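The following exercises are to be worked with the sequence and the coordinates at hand. Each task is followed by a solution in steps.

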Amino acid sequence: MKHIFVVISFLTIACTGFAQKSTTTLAAEKSFHEKFPNAKEAKWEKEGKDELEVSFVQDGKKGSANFSPAGEWLETEMAIPASAAPKAVIDAFNKNFPGATISELYQISSKKEKNYFEVEYLLKGKKKEAKISADGKII
């Protein structure tokens, strides 16, 4: 009888520890699969107290999406080649950051903010980023 109590106690502690370390919720996962049905290689992590982020690959492109624990979609970032960005974005980048080279470019769709592009770039050996609207305004 004592052994059964020890086993039950161990399982309770193990399950509680697993639940506390979970980086997603069923609601967030359900919303993610509904919004990105073809996504592969999903990896979840917590981003702040009230936000969950999932990194994934869809149609050969890297992306990430943020959801609330209740499953509400908040934001999506999809990597795109510079050639796929609007001309106004590239022109604004070149004008405002002369000598910089683009290392990554993301198209951002957000529930809170307007859609924009995030440009990660190198300038004088330092990594930086800029937010640029589709019409070429630095945000």
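The exercises proceed from the overall fold to strand pairing, single residues and the largest pocket.

The structure is a predicted model, in which local features need pLDDT of at least 70, side-chain atom pairs count only at pLDDT 80 or more, and totals for chains, interfaces and linings use all residues. Residues are numbered from 1 along each chain as its sequence is written, and side-chain values use heavy atoms, with hydrogens and water left out.

**Exercise 1. Overall description**

Task: State how many helices and strands the protein has, and in what order the elements run.

Solution.
Step 1. Helices (H or I, at least four residues) and strands (E, at least two) are taken as DSSP runs, numbered from the N terminus. On this basis the protein contains 3 helices and 7 strands.
Step 2. Read from the N terminus, the order is α-α-β-β-β-β-α-β-β-β.
Step 3. Burial is assigned by relative accessible area: buried means under 20%, exposed over 50%, and partly exposed in between (1.4 Å probe, protein chains only). Among the 139 residues of the protein, 32% count as buried.
Step 4. The protein exposes about 9500 Å², and carbon and sulfur atoms supply 58% of this area. Accessible areas come from the Shrake-Rupley method with a 1.4 Å probe; for residues, only the protein chains shown count as cover.
Step 5. A contact means heavy atoms within 4.5 Å. Of the contacts in the protein with a separation of 6 or more, 33% are between residues 24 or more positions apart.

**Exercise 2. Pairing around strand β5**

Task: Determine in which sense β5 pairs with β4 and how many bridges join β5 to β6.

Solution.
Step 1. Two strands pair if DSSP finds at least two bridges between them.
Step 2. Strand β4 (residues 73-79) and strand β5 (residues 101-110) are antiparallel, with 5 bridges. Within β5, Tyr106 stands opposite Ala79.
Step 3. β5 and β6 also run antiparallel and are joined by 7 bridges. Tyr116 in β6 is the bridge partner of Ile108.
Step 4. β5 and β6 form a hairpin, with 5 residues between the two strands.

**Exercise 3. Two successive residues of strand β6**

Task: For Tyr121, decide whether the residue is buried or exposed; then do likewise for Glu120.

Solution.
Step 1. Tyr121 belongs to strand β6 (residues 116-123). Its relative accessible area is 4%, so Tyr121 is buried.
Step 2. With neighbours within four places in sequence left aside, the contacts of Tyr121 include Phe93, Phe97, Ala100, Ile102 and Ala130. Glu104 is 17 residues from Tyr121 in sequence, and the C-alpha to C-alpha distance is 6.8 Å.
Step 3. Glu120 is also in strand β6. Because its relative accessible area is 25%, Glu120 is partly exposed.
Step 4. With the same neighbours within four places left aside, Glu120 is in contact with residues including Thr101, Ile102, Tyr106 and Lys128. Between Glu120 and Ile102, 18 residues apart in sequence, the C-alpha to C-alpha distance is 6.0 Å.
Step 5. As a general point, the side chains of a regular strand alternate between the two faces of the sheet.

**Exercise 4. Backbone angles and helix residues**

Task: Establish where Glu41 and Lys124 are found, and then examine Ser31 and Lys87.

Solution.
Step 1. Glu41 is in strand β1 (residues 40-46). Although not a glycine, Glu41 has a positive phi of about 60°; Glu41 is exposed, at 58% relative accessibility.
Step 2. Lys124 lies in the loop between β6 and β7 (126-132). Lys124 is not a glycine either, yet has a positive phi of about 55°, and its relative accessible area of 80% makes Lys124 exposed.
Step 3. Ser31, in helix α2 (residues 26-35), is buried at 19% relative accessible area. Beyond its neighbours within four places in sequence, Ser31 is in contact with Phe67 and Gly71.
Step 4. Lys87, in helix α3 (residues 87-96), is exposed, with 61% relative accessibility. The C-alpha atoms of Lys87 and Ala134 are 8.6 Å apart, at a sequence separation of 47 residues.

**Exercise 5. The largest pocket**

Task: Give the volume of the largest pocket and classify its lining.

Solution.
Step 1. On a 1 Å grid over the protein atoms alone, a pocket is an open set of points where a 1.4 Å probe fits, with protein on both sides within 12 Å along at least five of seven lines; lining residues have an atom within 4 Å of a point.
Step 2. The largest pocket has a volume of about 150 Å³, where grid points are joined across faces, edges and corners and the volume is the space filled by probe spheres set on the points.
Step 3. The lining consists of Glu47, Glu51, Asn66, Leu74, Glu75, Ser110, Lys111, Lys112 and Glu113.
Step 4. Ala, Val, Leu, Ile, Met, Phe, Trp, Tyr, Cys and Pro count as nonpolar, Asp, Glu, Lys and Arg as charged, and the others, Gly among them, as polar. The lining accordingly has 1 nonpolar, 2 polar and 6 charged residues.
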